[in-house]
Amino acid sequence: HPAEPINGCIVSNMLQGIRFEPGKEWTWPTGLIHPPECAKELVPFKVFAEELSGEEVLPFVPDGKNVCQDDDPRLSLLAIHLAEMVSTQGIATAMMEKDDWDFTAVYFTAIDHFCHSFMNYYSPRLPWVSEKDFEMYRHVIPAVYRLSDMMLGRMIEMAGPDATVVVCSDHGFQSGPLRLVETPHEPAGPAYWHRQYGILVASGPGIKRDERVYSATLSDICPTILSIYGLPVGEDMDGRVLTDIFEVLPSKTTIPSWDTTDGNGEDGMHHADIASSPEEAHELFQQFVALGYVEAPGESKQENANLADIECKYNLARNLNSLGRHEQAVPLFLELVQKSPWESRFIIHLSRTLASANRLEDAETVLSRAFDLATTVDPTVRLILAEIKAAQGDRQASYSELCAIEQQPYLGPGVLMHVGMC
C-alpha cells in the first residue's frame, strides 16, 4: 500500500480497510486502488465477516452450532479469515471480467492465516489438543484447501486455455507430528510454524508436461515471467529464469536494471513525496497484531518507544550473528538482557553468541546464572550446554546432554536437527 501506478488496475493489501455503514457511502483508504476511478466499482465486492451466516461457516465447522461464542472466539476468527478470502476472490475475478488483460497476479493470504489459527486441530490429533477441540475444528484446514482449489479453478477457467498459469507459495506449513506445542513468544514467532519449502506449479502453452523443476526459489519467479513475455531480465535481479520448465528455451536478453528504466509513468514507481496516513498505518499494524507477528501496543508512548528500541537492537544483533560478526552482537544482547532480564530469548541468544565468539566460559556463566543447570529440561538451554561442552573438548558430557534432549517429548524440528548435527 498504496497501490502502484501501473498500466492497469491494482488493489493494495489494505483491502481490510474498506468500511461500510448502513445509510452511508462506502469508504476506503486513499490509494487503495489504482486507478482511483475503479474503486467505486470494485469495493462493493468486499465481504464482511458480519455478513456470513451459519450456511457459509458450517462447512468448515460442522458442529459449530454447539460452540458458545461468548466463551470461544474461534468461529468469529474463522469468519474474519473467510471474509478476507472471498473478498480477494470477488474483487480479483471482477477485475478479470472487466478488462482485456495481459497479466493477472493474485496474492491469497487465506491458507496461511487459517493454518496459523487452526492447524493445531488438523488430523492426526496432537497429544496436547483436547478431544473436544479436535472434533470441533479438525475439518477447517481440509475445507480451506477445497475452497482454495475451487477459487483457483474458477480463475483458470476465466483465463482460458491459452493462458500460462503459475502457482507458488512463499513457504510451507508444519502439518504433521512436528507441529509446535506453543508458538515462541517473540516477534515473528508464528513463522516458526512455517516449513522451508513451498510449492511451484506451472502450466500452459510451451510449458513441459508432467516434469519436475528443482532448486526453484521465490526470486526466480519474476525473471521467469519476464521471459514468458519475451521481456529482458534485469542483470541486478537475484533470481534466474527457470529454463527447465520450457519445451523450447526462451531467448535470453537482459538489461542492466528495470529500476532505472523509464516506464513513461506506467512503471509502478511512486512519487517520492507519497506517504500513507497514520490511520492506514495503524490499520495495517493491527493486521499483524491479529496474526500474532507483533504485540498490541500499550497506551504509553514512552513504553512503546522503549519496546521499539529493544526489538530494533534484537533484530540488529540477530543480523550481525548471521553475518558471523559475533563480537559486535555481544554488547547488543548484553544490553537487552540488562533491560529485560525476564526475557529468556535474550539470555539464550547472548549465551549462544558468546559461544560462537569462542568465549565458552562466559557463555556457560550466562546459562548457569539464568537457569538451574542441574534441573532445567529446557531443550534449547541443554543444547547450548552440549555445544559448549563439545567445544571445550568434553565430548562425553556433550553426548550425554544430547541423549537426554533426544528423549524429551514434543521436540520441534529445529531442535532435533541441531541434536543430529551435534
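## Gln396, out in the open

Gln396 is exposed in this predicted model, and its relative accessible area comes to 55%. That value counts as exposed because the cut-off is over 50%. You'll find Gln396 in helix α14, which covers residues 395-406.

If you want a reference point for Gln396, try Ala374: the two sit 22 residues apart along the sequence, and their C-alpha atoms are 17 Å apart in space.

## Two buried residues

Now for the opposite case. Ser351 belongs to helix α11, residues 344-356, and is buried, with a relative accessible area of 0%. Buried here means under 20%, so Ser351 qualifies with its 0%. What does Ser351 touch, leaving aside neighbours within four places in sequence? The list reads Ala363, Val366, Leu367, Ile384 and Ile388.

Thr109 is buried as well, with a relative accessible area of 16%. Thr109 lies in a loop, the one that links α3 (74-98) to α4 (110-118). Going from Thr109 to Ala83 takes you 26 residues along the sequence, while the C-alpha to C-alpha distance is 11 Å.

## How α11 meets α13

Back to the helix that holds Ser351. Two packed helices are described by the angle between their axes and the distance between the axes. For α11 and α13, the axes come within 10 Å of each other and cross at roughly 10°. Angles under 35 degrees count as roughly parallel, and α11 and α13 are therefore roughly parallel to each other. The crossing of α11 past α13 is left-handed.

Which residues do the meeting in α11 and α13? On the α11 side they are Ile348, Ser351, Arg352 and Ala355; on the α13 side they are Thr380, Val381, Leu383, Ile384, Glu387 and Ile388. Sorted by class, the α11–α13 contact has 6 nonpolar, 2 polar and 2 charged residues. Ser351, buried at 0%, is one of the residues taking part.

## How α12 meets α13

Helix α13 (residues 379-391) also packs with helix α12 (residues 360-370): their axes come within 10 Å. Are α12 and α13 roughly parallel or roughly antiparallel to each other? Their axes cross at roughly 155°, and angles over 145 count as roughly antiparallel; α12 and α13 are therefore roughly antiparallel. As α12 passes α13, the crossing is left-handed.

From α12, the contact uses Leu360, Ala363, Glu364 and Leu367. From α13, it uses Val381, Ile384, Leu385, Ile388, Lys389 and Ala391. By class, that makes 8 nonpolar and 2 charged residues, with no polar ones.

Some names here should ring a bell. Ala363 and Leu367 of α12, along with Ile384 and Ile388 of α13, take part in this contact, and these four residues are among those that Ser351 touches.

## The protein as a whole

Stepping back, the protein has 422 residues, and 36% of them are buried. Its secondary structure adds up to 15 helices and 8 strands. The C-alpha trace spans about 70 × 60 × 50 Å along its principal axes.

As for surface, about 25,400 Å² is exposed, with carbon and sulfur atoms supplying 54% of that area. Among contacts with a separation of 6 or more, 58% join residues 24 or more positions apart.

Note on methods. Residues are numbered from 1 along each chain as its sequence is written. This is a predicted model: local features need pLDDT of at least 70, side-chain atom pairs count only at pLDDT 80 or more; totals for chains, interfaces and linings use all residues. Side-chain values use heavy atoms; hydrogens and water are left out. Axes are lines fitted to C-alpha atoms, for helices over the stretch in contact, and angles run from 0 to 180 degrees between N-to-C directions. Helices (H or I, at least four residues) and strands (E, at least two) are DSSP runs, numbered from the N terminus. Angles under 35 degrees count as roughly parallel, over 145 as roughly antiparallel, 65 to 115 as roughly perpendicular and the rest as oblique. A crossing is left-handed if the near helix is turned anticlockwise from the far one by less than a right angle, and right-handed if clockwise. Contact means heavy atoms within 4.5 Å. Ala, Val, Leu, Ile, Met, Phe, Trp, Tyr, Cys and Pro count as nonpolar, Asp, Glu, Lys and Arg as charged, and the others, Gly among them, as polar. Buried means under 20% relative accessible area, exposed over 50%, partly exposed in between (1.4 Å probe, protein chains only). Accessible areas come from the Shrake-Rupley method with a 1.4 Å probe; for residues, only the protein chains shown count as cover.
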